Amino acid sequence: MSAPNLHNALLRPPIIQILRAAGFHATRPSVLDTVADLAGRYMMILASFAADHAANAHPSDPIPGLEDIYQALQDAGALRPQLREWEEDWQGSEDMRGLDAFISWFTGPANHEIRRIAGFVPSEGDMVDTEAAVEKEDFLTALKKKHSKTGEESRYAGTVLGKSADEHPIVIEGGVPSIQEWGSQIRSRAPYMLENDSSGISSAPSNLSDGEGMDV
């Protein structure tokens, strides 16, 4: 499975849960794929905006921070209503209505219903004995355990579904221990190879180098 198809497949279950939390109980596969594609494109826009702000604000350490995420949300139109910068300067205060509305949604009943549908919040009538019982696994973790006979994460190490694999040197057959040393050997041989190439080039015949006697 190619990377785009895999990412779309992983995005479908959360989209289904969000649609169900919004009151939709059925949809066509083409509609679901379209909504998942729109959500994926929007996430890519947010990520690219955050990366651009991080690269401009602190190029020595271009890892997006909270301020970069905040500016990316503004650029993508996620924080509304929002005054422009010159309007904020004219009024002498920062407009926080968009951020307050986003926080209200994040902590409000709409997101709570999404979390309930996803299984992170107990529904009415569920018996919960301890706080630990409330913490449930997401669908991806449960799916990985279902398809893994051993239940270990090592099977998915180094893939998009698991943790990053530990870096290790690549040994090249033929006596060179690593790519770095192979590159050093090639660079050290470069002057010698140039000398051999230049010495092997024969000079032009004297009758061609002399302009006299040539018919123009």
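# Exercises on a predicted helical model

The residues lining the second largest pocket divide into 2 nonpolar, 3 polar and 7 charged. The model used in these exercises is predicted.

## Exercise 1: The second largest pocket

Task: Describe the second largest pocket by its volume, its lining residues and the helices that supply them.

Solution.
- Step 1. The second largest pocket holds about 320 Å³ of space.
- Step 2. Its lining includes Glu 67, Tyr 70, Gln 71, Gln 74 and Asp 75. Arg 80, Gln 82, Leu 83, Arg 84, Glu 85, Glu 88 and Glu 94 line the second largest pocket too.
- Step 3. Sort the lining by class. Tyr and Leu count as nonpolar, while Asp, Glu and Arg count as charged. The result is 2 nonpolar, 3 polar and 7 charged residues.
- Step 4. Both α3 and α4 give at least two residues to this lining. The largest share, 5 residues, belongs to α3.

## Exercise 2: Helix α3 and the loop after it

Task: State which residues of α3 are buried, what covers them, and which peptide bond in the following loop is cis.

Solution.
- Step 1. In α3, the buried residues are Asp 68, Tyr 70, Ala 72 and Leu 73.
- Step 2. Their cover includes α2 and α5.
- Step 3. Just after α3 comes Gly 77, with a positive phi of about 80°. Most residues other than glycine have a negative phi.
- Step 4. Pro 81 sits in the loop between α3 (66-75) and α4 (85-91). The peptide bond from Arg 80 to Pro 81 is cis, with omega near 0°. Most peptide bonds are trans.
- Step 5. Link this to Exercise 1: Arg 80 is one of the residues lining the second largest pocket.

## Exercise 3: The largest pocket

Task: Give the volume of the largest pocket, the residues nearest its centre and the classes of its lining.

Solution.
- Step 1. The volume of the largest pocket is about 910 Å³.
- Step 2. Its lining has 22 residues, and Ile 18, Met 43, Trp 105, Asn 111 and Ile 114 lie nearest the centre.
- Step 3. At least two lining residues come from each of α1 (3-21), α2 (29-57), α5 (97-107) and α6 (109-118).
- Step 4. By class, 18 lining residues are nonpolar, 2 are polar and 2 are charged.

## Exercise 4: Aromatic rings in α5

Task: Classify the ring pairs Phe 102 with Phe 106 and Trp 105 with Phe 106.

Solution.
- Step 1. The count of aromatic pairs is 3.
- Step 2. For Phe 102 and Phe 106, the ring centres are 6.5 Å apart and the planes stand at 25°, so this pair is stacked. Planes under 30 degrees apart count as stacked.
- Step 3. Phe 102 and Phe 106 both belong to helix α5 and are 4 residues apart, about one turn of the helix. An α-helix has 3.6 residues a turn, so residues three or four places apart point the same way.
- Step 4. Phe 102 has 30% relative accessibility and counts as partly exposed.
- Step 5. The rings of Trp 105 and Phe 106 also have centres 6.5 Å apart, but their planes stand at 55°, so the pair is tilted.
- Step 6. Trp 105 is partly exposed, at a relative accessible area of 41%.
- Step 7. Phe 102, Trp 105 and Phe 106 form one aromatic cluster.

## Exercise 5: The whole chain

Task: How many helices and strands does the chain have, and what percentage of its residues is buried?

Solution.
- Step 1. The chain has 9 helices and 0 strands.
- Step 2. Of its 216 residues, 14% are buried.
- Step 3. The chain exposes about 17,100 Å², and carbon and sulfur atoms supply 58% of that area.

Technical notes
Residues numbered from 1 in each chain as written. Predicted model: local features only at pLDDT ≥ 70, side-chain atom pairs only at ≥ 80, totals over all residues. Heavy atoms only, no water. Buried < 20%, exposed > 50% of the residue type's maximum accessible area, 1.4 Å probe, protein only. Areas by Shrake-Rupley, 256 points an atom, 1.4 Å probe, with all protein chains shown as cover. 1 Å grid on protein atoms, 1.4 Å probe; cavity = no way out; pocket = protein on both sides within 12 Å on 5 of 7 lines; lining within 4 Å. Points joined across faces, edges and corners; volume = space filled by probe spheres on them. Contact = heavy atoms within 4.5 Å. Phe/Tyr/Trp six-rings, centres within 6.5 Å; stacked < 30°, edge-to-face > 60°.
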